[in-house]
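Here is a short briefing to read alongside the coordinates. Have your viewer open and follow the topics one by one.

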2 protein chains.
Amino acid sequence: MNLPAARIGDPVEAIDTPALVVDLDALERNVARMAAYAREHGMKLRPHAKTHKSAAVARLQLEAGAVGVCVQKPSEAEALAAQGVSDLYISNEVVDAAKLAQVAALAGRVRLAIAVDSALGVDRLAQALRAQGTMLDVFVEVDVGHGRCGVAPTAAGALAHQVVSHGLRFAGLQAYHGRAQHLRLPAERDSAIRHAVALARAAQASVTAAGIACPLVTGAGTGTFVHESMSGLYGELQSGSYVFMDRDYADNQATPHAPAFEHALFVKSQVMSAGTSHVVVDAGHKAHAIDSGLPRIWGHELDFVNGGDEHGILRRRAAGATLPALGETVWLVPGHCDPTVNLHDHYVVVRGGLASGRVEAVWPVDARGCMR
Amino acid sequence: MNLPAARIGDPVEAIDTPALVVDLDALERNVARMAAYAREHGMKLRPHAKTHKSAAVARLQLEAGAVGVCVQKPSEAEALAAQGVSDLYISNEVVDAAKLAQVAALAGRVRLAIAVDSALGVDRLAQALRAQGTMLDVFVEVDVGHGRCGVAPTAAGALAHQVVSHGLRFAGLQAYHGRAQHLRLPAERDSAIRHAVALARAAQASVTAAGIACPLVTGAGTGTFVHESMSGLYGELQSGSYVFMDRDYADNQATPHAPAFEHALFVKSQVMSAGTSHVVVDAGHKAHAIDSGLPRIWGHELDFVNGGDEHGILRRRAAGATLPALGETVWLVPGHCDPTVNLHDHYVVVRGGLASGRVEAVWPVDARGCMR
């Protein structure tokens with residue numbers, strides 16, 4: 001575990017670099033806006049904690065009205081449960097028997113749910129739960145257009161039937177369309193989610209035809225939740241990235257009637273080498289994830305060029321632009337927040353803005369590296 | 001800190017997924033081959049520990065004849081020094097005064113060197129060392145074609161003069177050409193390093209003209225070290241990736257007369273969802289870095305398709321290929337080893353091969369997340 005990059009009370013200038021910095025005022029506004037949206041539209045909100053991996057952020061979301069959080073891995077659930085988060089949904093499949101034994105044990109300590117998409121997975125889950133004498137909620141995942149996990153809609157009824165025959169609690173359908181989130185135009189996202197809704201509706205019909213009630217359809221992300229909310233089918237939103245907003249989500253053309261979210265997550269970096277055509281900051285892709293493209297430079301007309309693991313190269317976007325000086329602070333808006341957070345052990349949490357704020361808290365990234 | 005994915009003595013099948021797994025036999029052969037090459041060519045070897053961030057791997061390299069290791073960040077140096085690595089070169093610039101105070105303190109505990117490329121950096125370094133009463137070796141970095149850090153060759157003499165006037169030990173030139181490493185053809189790499197050598201020679205002349213002896217030119221990576229070795233100028237090799245070999249380096253067309261290195265680093269993954277057109281493994285880019293492209297599937301005619309943070313999608317390369325079954329193990333050769341290692345807390349170290357070996361050790365990734 002690395003030491004935090006700052007101490008509580010430090011001014012922003014004193015934060016060592018590179019560091020993962022949260023603008024707490026912006027974060028709180030994002031949390032409140034999404035909570036208000038869900039409330040006003042009669043949707044449950046279960047934000048995805050894969051984004052932040054933090055019990056502190058989860059608590060802010062829960063206090064604002066979230067019913068619980070999603071995670072993607074059993075070890076993430078364990079890490080957040082250890083910090084007091086008590087309603088967790090592993091919105092992903094687990095088929096490994098040893099891992100399912102851990103899941104079953106955790107189900108004895110918190111309110112837990114999990115997704116399934118195979119008969120083998122359901123059998124092994126049931127066996128693990130019987131062995132521990134515990135119970136959890138089971139969602140059948142349906143492939144609603146992403147082309148990754150999930151059964152075909154017509155197969156949902158048979159799998160739900162298997163869940164019920166094992167005496168497990170069938171809780172509904174997991175219907176998340178990941179690839180729709182970053183389609184740039186609202187009309188493209190609308191069209192992708194219309195298709196997803198049609199498939200989820202077919203899955204629901206398959207479940208109902210099997211004589212099983214379908215209590216909930218859950219899914220949606222920061223790019224599309226308005227569309228799922230309007231569908232009349234989905235009852236729960238799983239958006240995660242809205243708390244931080246990364247460059248990739250900000251590159252989407254905004255959805256009409258969607259709340260506006262602000263960048264609340266930054267990597268503080270410092271110019272450590274200065275040439276005439278470019279300068280170099282001390283944050284490469286070991287400090288911010290580039291799977292969804294390079295970061296944006298905050299407040300400068302500069303482009304970030306990939307400088308490798310430990311360096312970022314900044315170039316002028318236009319001939320007249322000024323390059324920052326050696327030693328100067330440069331704030332990066334990460335291309336993708338989730339894997340960026342996963343590179344850091346701590347959030348340095350700033351109140352009062354990046355220009356002149358102070359460190360109000362240091363939050364551990366509780367589930368950092370919890371990939372199992 | 002996450003729990004390791006296996007215990008010593010476990011068979012390979014028992015390693016939880018995803019996990020970072022080292023084939024120790026292959027690693028030892030890689031270490032021996034590079035050590036032999038350096039010895040036979042009269043080169044010092046100072047492998048880059050940014051690749052492995054591990055005192056255990058550093059010890060294998062040192063026992064095989066390495067003179068020390070390179071690191072890229074002061075916090076990496078601290079983490080390895082804490083585990084007994086006692087000859088460290090921070091082959092990168094630091095200009096932050098607080099960080100330089102740490103560097104100066106560390107110089108009192110281990111044999112330390114650092115790179116500089118600015119007058120401000122040299123002044124602050126000298127000030128920090130005076131304050132602590134410590135000393136270290138200073139290399140002037142020259143931009144030999146990468147276009148990132150480093151002074152122009154003609155400016156090397158003036159900066160070396162500044163180093164010496166402060167009473168610091170001028171140790172030579174840092175002359176690394178990062179972008180040359182992954183040029184695919186040996187002739188392209190040869191040409192890039194010929195150019196780098198010419199620039200480094202000009203820098204050496206600039207130093208000599210300032211009346212200062214230039215004890216060493218250090219640089220080179222896994223893609224080009226044969227060329228630097230043949231230059232008659234370089235005296236030290238900094239290659240790092242050779243210990244593990246990633247998919248990106250394996251995609252280079254081999255350099256004639258270069259030792260052959262084997263893949264020694266894998267991510268063990270498991271099929272957790274199986275469709276008819278594809279299957280999904282439980283290792284996405286939170287388990288292996290994709291900045292240099294996607295991983296190769298070991299032993300299968302399958303392609304890895306980006307499935308996001310927690311998933312990898314495997315598709316048949318040819319119509320007849322067999323998809324692995326639900327629950328089956330799939331070994332991934334990471335696209336880029338350095339940032340992949342940085343995602344994990346431990347290496348699970350296997351003796352006897354991936355097919356039927358056993359876990360001989362679990363090594364912490366000591367400098368995981370040490371980005372400052």
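The notes below go from the chain contact to a helix pair, a sheet and the domains.

Please keep in mind that this is a predicted model. Chain B touches chain A through 51 residues on each chain, chain B has an open sheet of 8 strands, and chain A is assigned two domains, domain 1 and domain 2.

**Where chain B meets chain A**

- The contact brings together 51 residues of chain B and 51 residues of chain A.
- On the chain B side, the elements that contribute two or more residues are α4 (97–106), β10 (265–274) and α10 (337–341).
- β10(B) supplies the largest share of that side, with 4 residues.
- By class, the side of chain B that touches chain A has 19 nonpolar, 17 polar and 15 charged residues.

**A helix pair in chain B**

- Helix α4(B) packs on helix α5 (residues 119–132) of chain B at an angle of about 50°, and their axes are 8 Å apart.
- That is why α4(B) and α5(B) are described as oblique to each other.
- Their crossing is right-handed.
- From α4(B), the residues taking part are A97(B), L100(B), A101(B), V103(B), A104(B) and A105(B); from α5(B), they are R124(B), L125(B), A128(B), L129(B), A131(B) and Q132(B).
- This contact between α4(B) and α5(B) contains 10 nonpolar residues, 1 polar and 1 charged.

**The open sheet of chain B**

- The 8 strands are arranged in the order β2-β9-β8-β7-β6-β5-β4-β3, with parallel pairing.
- β2 (44–45) and β3 (69–71) of chain B are at the edges with a single partner strand each, so each has one side without a neighbour in the sheet.
- For β3(B), look at strand β4 (residues 87–90) of chain B: the two pair in the parallel sense over 3 bridges.
- A handy pair to display is V71(B) and its bridge partner in β4(B), I90(B).

**The two domains of chain A**

- Domain 1 of chain A is assigned to 12–20 + 261–364, and domain 2 to 24–250.
- Taken over C-alpha atoms, the centres of these two domains are separated by 32 Å.
- Their contact uses 24 residues from domain 1 and 22 residues from domain 2.
- On the domain 1 side, α10 (337–341), β16 (346–351) and β17 (358–364) of chain A are the elements giving two or more residues.
- β16(A) gives the most to that side, with 4 residues.
- The domain 1 side divides into 12 nonpolar, 7 polar and 5 charged residues.

Key. Residues numbered from 1 in each chain as written. Chains lettered and ligands numbered in written order. Predicted model: local features only at pLDDT ≥ 70, side-chain atom pairs only at ≥ 80, totals over all residues. Contact = placed C-beta atoms within 7 Å. Nonpolar A, V, L, I, M, F, W, Y, C, P; charged D, E, K, R; others polar. Axes fitted to C-alpha atoms, helices over the stretch in contact; angles between N-to-C directions. Parallel < 35°, antiparallel > 145°, perpendicular 65-115°, else oblique. Left-handed = near helix turned anticlockwise from the far one by under 90°. Pairing = 2+ DSSP bridges. Domains from an automatic or database assignment.
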